[in-house]
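Colleague: Please take a close look at the salt bridges in this model. I want to know where each partner sits and how well it is covered.

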Amino acid sequence: MVKAIRVHELGGPEVLKWEDVEIGEPKEGEIRVKNKAIGINFIDVYFRKGVYKAPTMPFTPGMEAVGEVVAVGPGLTGRKVGDIVAYAGGPMGSYAEEQILPASKVVPVPPSIGPVIAASVMLKGMTAQFLLRRCFKVENGHTILVQAAAGGVGSLLCQWANSLGATVIGTVSTKEKAAQAKDDGCHHVIIYKEEDFVSRVKEITSGNGVDVVYDSVGKDTFQVIQDPWNA
């Protein structure tokens, strides 16, 4: 038996219960991992509240973690006991001391990266990589706008895009978040509660607009950003 956080009914944080669970031994193609650090993401809240439907009820939340392999399934190659591995995006269930995972879903973590750092950037890091390198390939000389620049994904977008040579414009809600966004590589930070960010972006870009907008806010900003810029 191992301990895990379980959800038996939908609701607030009070529905999270610390319980004993039986996870069994890994089958063919699986590994058993003892978690060292667990990533926390807003999608976990959505599942807990019922915004997204969990595959089972009750369920163990959590979509990413880093841990040590403590057992491997029959005939498995490529992973061994003692390996430090990370995973993100599923299967759900990382809010636990140990879990069974498909070996194909994990990646090795190099010794130079600690478990806490690795667990905090897997899901958000893959999101940032997709947005910056696949959805729209940001290059040196591009100008980009990052909404919610001080958020988990936003902070990674700012750092990464800056390192690629892009001019980074970020929007935030407070002065404290503005300072963080600046530290993360934003060349221009707009506190949208204090000034109109559309006008400010036009001013910064001399009316040319931006090459791409990364908007993790949603309906409150999506319509605003569609027409005024070359994005």
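Modeller: Start with Lys 3. It counts as partly exposed, because its relative accessibility is 26% and that class runs between 20% and 50%. The model is a predicted one, so read every value here as computed from it. Lys 3 forms a salt bridge with Asp 20; the closest N and O atoms are 3.3 Å apart. This pair links distant parts of the chain. Lys 3 belongs to strand E1, residues 2–7. Asp 20 belongs to strand E2, residues 16–21. The two residues are 17 apart in the chain. Asp 20 is also partly exposed, because its relative accessibility is 47%.

That pair is part of a longer list. The structure holds 7 salt bridges. Side chains of opposite charge can pair when their charged atoms come close.

Next, Glu 98 and Arg 32. Their closest N and O atoms are 2.5 Å apart, and they form a salt bridge. Glu 98 lies in strand E6, residues 98–102, and Arg 32 in strand E3, residues 30–39, so the bridge ties together parts 66 residues apart in sequence. Both partners are buried. For Arg 32 the relative accessibility is 12%, so it counts as buried, the limit being under 20%.

Arg 32 does not stop at one partner. Glu 25, Arg 32 and Glu 98 are linked in a network of salt bridges. A polar atom of the Arg 32 side chain also lies 2.8 Å from the backbone oxygen of Gly 24.

Now the surroundings of Arg 32. Neighbours within four places in sequence are left aside here. Among its contacts are Val 2, Ile 23, Gly 24, Glu 25 and Pro 26. The list also includes Glu 68, Val 69, Val 70 and Ala 71. Glu 98, Gln 99 and Ile 100 are in contact with Arg 32 as well.

The sheet puts these residues in context. E6, which holds Glu 98, and E3, which holds Arg 32, belong to an open sheet of 5 strands. The order is E6-E3-E4-E5-E7, with antiparallel pairing. E6 and strand E7 (107–108) are the edge strands, and each pairs on one side only. On the E4 side, E3 pairs with strand E4, residues 64–72, in the antiparallel sense over 8 bridges. One of the matched positions is Asn 35, whose bridge partner in E4 is Gly 67.

A helix lies across this sheet. Helix H2, residues 115–135, lies across E3, E4, strand E5 (84–88) and E7. Its direction is about 115° to E4.

The domain assignment gives domain 1 as 2–113 and domain 2 as 136–227. The C-alpha centres of the two domains lie 33 Å apart.

Last, a pair within one helix. Glu 203 and Arg 200 meet in a salt bridge, 3.5 Å from N to O. Both lie in helix H5, residues 197–204. They are 3 residues apart, about one turn of the helix. Glu 203 counts as exposed, because its relative accessibility is 57%. Arg 200 is partly exposed, with a relative accessible area of 24%.

To recap the settings: Lys 3 and Asp 20 link E1 with E2. Glu 98 and Arg 32 are a buried pair. Glu 203 and Arg 200 sit together in H5.

Key
Residues numbered from 1 in each chain as written. Predicted model: local features only at pLDDT ≥ 70, side-chain atom pairs only at ≥ 80, totals over all residues. Heavy atoms only, no water. Domains from an automatic or database assignment. Salt bridge = Lys/Arg side-chain N within 4 Å of Asp/Glu carboxyl O. Helix = DSSP H or I, 4+ residues; strand = E, 2+ residues; numbered from the N terminus. Buried < 20%, exposed > 50% of the residue type's maximum accessible area, 1.4 Å probe, protein only. Polar contact = N/O pair within 3.5 Å; in protein donor to acceptor, adjacent residues only side chain to side chain. Contact = heavy atoms within 4.5 Å. Pairing = 2+ DSSP bridges. Axes fitted to C-alpha atoms, helices over the stretch in contact; angles between N-to-C directions.
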